[in-house]
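User: Could you take a close look at the empty space enclosed inside this model? I would like to know where the cavities are and what lines them.

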Amino acid sequence: MAVSAVQISSTNPADPADVIGVFAPSGGIDVDRAVTAAAGVAPGWARAPGQARADALSRVAARVEAGADDLAALICREVGKPIVEARGEVGRTAAILRYHAQAALDPDGETYPPADGRSLLMTRRRPRGVVGLITPWNFPLAIPAWKLAPALAHGNACVWKASPLAPACAAALMGCIEPELPAGVVQLVQGGADAGVALAGHAGLGAISFTGSAAAGASVARRAADRGVAVQCEMGGQNASIVLADADLGRAAATIARAAMGYAGQKCTATSRVIAERGAAADLRDALVAEVEGLVVENPADPACEVGPLITGEARAAAVAAVGRAVTSGGRLLAGGTEIEGAGHYLAPTLVDVDDPGAELAQEEVFAPVAAVLEARDAAHAVELTNGVRYGLSTSIFTRDLDRVLDLAGRLDTGLVRVNQPTSGVDLHAPFGGEKASGLGPREQGKAARELYTSLRTILVSPAVVE
């Protein structure tokens, strides 16, 4: 991938010589035009009956389903997602659109007992107007869908700034959206950081939703706060899998290996740290190394592929450097740690045994097939280690003891707690989001999505004549 003031060149991370397409990047003037155009059609879309909005989203979902094979192949080619996962993402995108199509018909308010016993006291939800959406490359259809679908269902117009690493996927999704919605209701702007900054700072937005790095998300949040605009930021994680001594270690190792290394670790919910309770640590280490070394690293177009390439050569180089610093500072390399020769940006799935929980590899997200392995004295220490980072997105607990689960789950500083499940993976109908540096603002997905995309009015209607 190359981004300049003149063009965005999208390339295949499994074969960088394969150029997928060249796209024109948007600048500040283009962003302003997009917001202005969206503002012009927003009132009409907000007035459209809920059924009309529901039908439009259902038709978009049908287009996604009709083009599923081509969309999955494009995801695989442009971002290096294993084809089996890419197919799953397409199916999930359609499901998200259908779910929120029905949300357009949900009650848009509540009634309350009035103080005088005669009046009507009620709340009504109203759309924000124009919302700005900034999305990453790693789920190039599903993440845009889980922002666009609820925003549109609740009557907003959208200006969507897609990642410059997935411009072809963004254009393909727009190809499903544009024929089914009124012209201008969704505006796509392609571009890099400059376009994102212009959108985040635009005075014409009523709300903004961002998914990306912690540094960029913090900047978006500050700009929104300066203007009093509703904001939601999802900013990654340093997710831990806690393995207690009573767990099924073989199952835990198999689950964690794929949660950490699948899709080359390029998920905000990927496992970055494995925290094993003393008594299980040595056996878990051995089982985990065996599982990681057995993962299939292959061209993502091969259905057998579990670990594909990193998105860019720079991302791979940064990961290799992080592993090198970890080993130099006392970490013990258990598996991987080296680039894999060939055309693509491949890195061998990597485990590093780390004694110091304050070490860089235990504290900072690498966004690669790399995980730190730490040992905890007991369950309480495992919680302390898990909470001892600035992020708070997802934690897994592996155990057979439900009593311990109920205790530990309430002490973890993460938005998601998953028991005997991978840290990765979310349910489209349930709230999703993180604590601390992982998330800011209301949750995404499910019914919780309406909190960002609507504002609440409290209305009191009293009789004109009191007898």
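Analyst: Happy to help; here is a walk through the cavities and their linings. The model is predicted, so a word on the basis comes with it: local features need pLDDT of at least 70, side-chain atom pairs count only at pLDDT 80 or more, and totals for chains, interfaces and linings use all residues. Residues are numbered from 1 along each chain as its sequence is written, and side-chain values use heavy atoms, with hydrogens and water left out.

Rolling a probe the size of a water molecule over the atoms shows where empty space is left. Here a cavity is a set of points, on a 1 Å grid over the protein atoms alone, where a 1.4 Å probe fits but cannot get out; lining residues have an atom within 4 Å of a point. Grid points are joined across faces, edges and corners, and a volume is the space filled by probe spheres set on the points.

By that search, the structure holds 4 cavities of 30 Å³ or more. The largest cavity takes up about 110 Å³. Its lining consists of 19 residues, and nearest the centre lie Ser-272, Val-366, Phe-367, Ala-368 and Val-370. Two elements give two or more residues to this lining, strand E12 (271–277) and strand E15 (370–376); strands here are DSSP runs of at least two residues, numbered from the N terminus. E15 gives the most, with 3 residues.

As for chemistry, the lining of the largest cavity has 10 nonpolar, 6 polar and 3 charged residues. In this scheme Ala, Val, Leu, Ile, Met, Phe, Trp, Tyr, Cys and Pro count as nonpolar, Asp, Glu, Lys and Arg as charged, and the others, Gly among them, as polar.

Now to the second largest cavity, with a volume of about 70 Å³. It is lined by 13 residues, and Cys-233, Phe-432, Gly-433, Gly-434 and Pro-442 are the closest to its centre. Strand E10 (230–234) and strand E20 (439–440) each supply at least two residues of this lining, and E10 gives the most, with 3 residues. By class, the lining of the second largest cavity divides into 4 nonpolar, 6 polar and 3 charged residues.

To follow this on screen, you could start at Ser-272 and Val-370, which are among the residues nearest the centre of the largest cavity, and then move to Cys-233 and Pro-442, which are among those closest to the centre of the second largest.

Notes:
On a 1 Å grid over the protein atoms alone, a cavity is a set of points where a 1.4 Å probe fits but cannot get out, and a pocket is an open set with protein on both sides within 12 Å along at least five of seven lines; lining residues have an atom within 4 Å of a point. Helices (H or I, at least four residues) and strands (E, at least two) are DSSP runs, numbered from the N terminus.
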